[in-house]
Amino acid sequence: MILGILAVFGFAAAPATAQTVYLHGGAGFPSSSGLNDAYKAGFNAGVGIGFPIVSQLEGVIRGNLDRFENDLPGFGNFASWSATGNLKLNAPMASRRAMPYALAGGGIFRLGTENAYETEAGLQFGAGLNIRTSPRASLLVEPNYVLVFREGQDTQYFPVRVGAAINL
């Protein structure tokens, strides 16, 4: 629902040429006790589209996969597929090439091991740095904190995303 509201508002308010496409990958680190006890660092990959809302505020819709390797025999690897709607606050340019930002949002997370997946709501918070490489593209580095609300014990992990932002 949050994704739909952001998409309708953002695409209606923004001209077609103002969107930004995000592509990223990186490492992920489990932090809740349930993940820490059985899983080690893993990887993440994802795509997103951003659209301006007002000056320096952007809506970003993302799809991500975060996967963690298993340390215990007999158990599968842990994966979290997510669709999130986020607000990204871009700070003023720190230099002609670097722009820090903060990101927060929520969405739906489908997580579990191999054949035992469940769907839950969750939140994510992060900060990052865009480094402009051309007038229409930049590299990004973005550490995040993800909290997925699960009955019994919440799932928490830290993905560090590295990627590209391409202005359309």
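Rings of Phe, Tyr and Trp are taken to pair if their centres lie within 6.5 Å. In the predicted model described here, ring pairs of this kind link Tyr39, Phe68, Phe78 and Tyr157 into a cluster, and the count of aromatic pairs comes to 4. Phenylalanine 68 and tyrosine 157 form one such pair, with an edge-to-face arrangement in which the centres are 5.3 Å apart and the planes stand at 65° to one another. Because phenylalanine 68 lies in strand E3 (residues 57-70) and tyrosine 157 in strand E8 (residues 155-167), this pair ties together parts that are 89 residues apart in sequence. Both phenylalanine 68 and tyrosine 157 are buried. An aromatic pair is also formed by tyrosine 145 and phenylalanine 158, which are tilted, with 5.3 Å from centre to centre and 50° between the planes. This pair links distant parts of the chain, tyrosine 145 being in strand E7 and phenylalanine 158 in strand E8, 13 residues apart. Tyrosine 145 is partly exposed, at a relative accessible area of 24%, and phenylalanine 158 is likewise partly exposed, at 35%.

The residues of the ring cluster, Tyr39, Phe68, Phe78 and Tyr157, recur in the largest nonpolar core, which has 10 residues and also takes in Leu35, Ala38, Phe109, Leu111, Val146 and Val148. At least two residues of this core are supplied by each of helix H2 (33-38), strand E5 (98-113) and strand E7 (137-148). A second, separate core of 5 residues includes Val60, Tyr101, Leu140 and Ala165. Within the largest core, leucine 111 touches Phe78 and Val148; beyond residues up to four places away in sequence, leucine 111 also touches Ala79, Ser80, Ala116, Tyr117, Glu118, Arg150 and Thr155. Tyrosine 101, a member of the second core, has the charged end of lysine 88 sitting over its ring, 4.3 Å from the ring centre.

Glu118 and Arg150, both touched by leucine 111, are themselves joined by a salt bridge in which the closest N and O atoms are 2.9 Å apart. The two residues come from distant parts of the chain, arginine 150 from the loop between E7 and E8 and glutamate 118 from strand E6 (residues 116-134), 32 residues apart. Arginine 150 counts as partly exposed at 23% relative accessibility, and glutamate 118 is partly exposed with a relative accessible area of 28%.

The count of salt bridges comes to 5, and among them is a network that links Arg62, Glu142 and Arg161. The side chains of glutamate 142 and arginine 62 meet at 2.8 Å, N to O, and this bridge connects strand E7 with strand E3 across 80 residues of sequence. Glutamate 142 also meets the side chain of arginine 161, here at 3.7 Å, in a link between strand E7 and strand E8 that spans 19 residues. Glutamate 142 and arginine 62 are both buried, and arginine 161 is buried as well.

Strand E8 also contains valine 162, which counts as partly exposed at 48% relative accessibility. The C-alpha atom of valine 162 is separated by 4.6 Å from that of valine 141, 21 residues apart along the chain. Leaving aside neighbours within four places in sequence, valine 162 is in contact with His24, Gly25 and Leu140, and Leu140 is one of the residues of the second core.

Definitions and conventions: Residues are numbered from 1 along each chain as its sequence is written. This is a predicted model: local features need pLDDT of at least 70, side-chain atom pairs count only at pLDDT 80 or more; totals for chains, interfaces and linings use all residues. Side-chain values use heavy atoms; hydrogens and water are left out. A nonpolar core is a set of buried Ala, Val, Leu, Ile, Met, Phe, Trp, Tyr and Cys residues joined through side-chain atoms within 4.5 Å. Buried means under 20% relative accessible area, exposed over 50%, partly exposed in between (1.4 Å probe, protein chains only). Helices (H or I, at least four residues) and strands (E, at least two) are DSSP runs, numbered from the N terminus. Contact means heavy atoms within 4.5 Å. Rings of Phe, Tyr and Trp (its six-membered ring) pair if their centres lie within 6.5 Å; planes under 30 degrees apart count as stacked, over 60 as edge-to-face and the rest as tilted. A charge sits over a ring if NZ of Lys or CZ of Arg is within 6 Å of the ring centre and within 35 degrees of the ring normal. A salt bridge is a side-chain nitrogen of Lys or Arg within 4 Å of a carboxyl oxygen of Asp or Glu.
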